[in-house]
Amino acid sequence: MSPPPPPQPLSNLHDNLVVGLPSLPDLVLTALSVCLLFTSSASKSHTITATRCPFLSFPLNPRRFLKIPAMSHSSTSSTSPSTPSLFLLPRRHNFASPQSLSDWLRPRLPSDSFASWGIKPGTKNVHNLWLELAEGETSLADSTPPIRTVQVVTVRVAGKHGKFLVESHQELSDGNVRKRGRPLSEKMKPNEDPESAAVRAIREELGSVIIGGGEGREGGVIEVEDIVRIDPNSYEMRVEEKVSDSYPGLPGCYVLHTVCATVEGLPEGDFCTYEVDEYGVSEEKNLADKAVSVKKHYWTWVSADSIKP
């Protein structure tokens, strides 16, 4: 019986292990190839249009029967794949009071524009903006000037003879009149989808004339949801960037969600509706009283081609 072979030297064992392994340059080239392949396939499946609006992100799998993505006003800049959101808003500033908001805005905005807030006819004041921030309806980017991001639902209410409802003007609490010339629109609440926001907008701004303010069929109370029909194929979304009419000097990024609807019980001619209390649900009632609010809405029916895009 022959003796067992001597153990292999460690140096030879190392040489055997590295035989056949790619060199470092080869590994780098392979990794780059994989990255390029992944990036190319991802860009084909999901394209995002560039925009100056901050924190814009579109979901891969939108939800809701209207094919409308769910909204999420998140206080952080990350999201879970299971809860896609159309808009990722920046971390919300916690302004303790309208005065602290004013102090933060003053060095970031043109002085003459900021001084006109609540003074120039048709504008709002710092109390309005503070309430929007407190209720999660608005976000401010920490920039100079800040960018105000708002999600708005626009409801094109269809009437007879191909006409559509347009708000011609508003009567404000300070006695001024603000021209509108646009369909019913409303800022969206946090985590609110466009369908729910549309129904809420109709209830708040048209509710005072619908079926006599809610009394109707067989003496019962009519729910707005029962007399509103939203066209499931009408949804459109676009982003508009402009300086705010309500807050002069403050750039705005408006994400506009548009749906078409029919509403039973509306007058066939021009009419006005009353805003009972625009900030009635606000916990800061004393501050809401200092904000500029809408008291009356004036409506008219126009042809489709006369509506502003």
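Leu266 makes contact with Val157, Leu165, Leu206, Val209, Ile210, Phe271 and Trp301, leaving aside neighbours within four places in sequence. This is a predicted model, and Leu266 is a good place to start a tour of its interior: it ranks with Val155, Leu165, Ile202, Leu206, Val228 and Phe271 among the residues with the most contacts inside the largest nonpolar core.

**The nonpolar cores**
- The largest nonpolar core counts 26 residues.
- At least two residues of this core come from each of strand 2 (148–158), helix 6 (194–206), helix 8 (224–227), strand 6 (228–230), strand 8 (251–263) and strand 10 (294–303).
- Helix 6 is the main contributor to this core, giving six residues.
- Another core, of 18 residues, lies apart from this one and includes Trp104, Trp117, Leu140 and Tyr247.

**Arg200 in helix 6**
- Helix 6 also holds Arg200, which counts as buried because its relative accessibility is 11%, under the 20% cut-off.
- The side chains of Arg200 and Glu192 are joined by a polar contact of 3.0 Å.
- Not counting residues up to four places away in sequence, Arg200 touches Glu186, Lys187, Met188, Lys189 and Glu192.

**Helix 5 and its ends**
- Helix 5 spans residues 126–134 and is mostly covered, with seven of its nine residues buried.
- Those buried residues are Val126, Asn128, Leu129, Trp130, Leu131, Glu132 and Leu133.
- At the N-terminal end, Asn125 acts as the cap of helix 5, with a side-chain oxygen 3.0 Å from the backbone nitrogen of His127.
- Just after helix 5 comes Gly136, with a positive phi of about 75 degrees.

How values were computed. Residues are numbered from 1 along each chain as its sequence is written. This is a predicted model: local features need pLDDT of at least 70, side-chain atom pairs count only at pLDDT 80 or more; totals for chains, interfaces and linings use all residues. Side-chain values use heavy atoms; hydrogens and water are left out. A nonpolar core is a set of buried Ala, Val, Leu, Ile, Met, Phe, Trp, Tyr and Cys residues joined through side-chain atoms within 4.5 Å. Buried means under 20% relative accessible area, exposed over 50%, partly exposed in between (1.4 Å probe, protein chains only). Helices (H or I, at least four residues) and strands (E, at least two) are DSSP runs, numbered from the N terminus. Contact means heavy atoms within 4.5 Å. A polar contact is a pair of N or O atoms within 3.5 Å; within protein, one must be able to donate a hydrogen and the other to accept it, and residues adjacent in sequence count only if both atoms are side-chain atoms.
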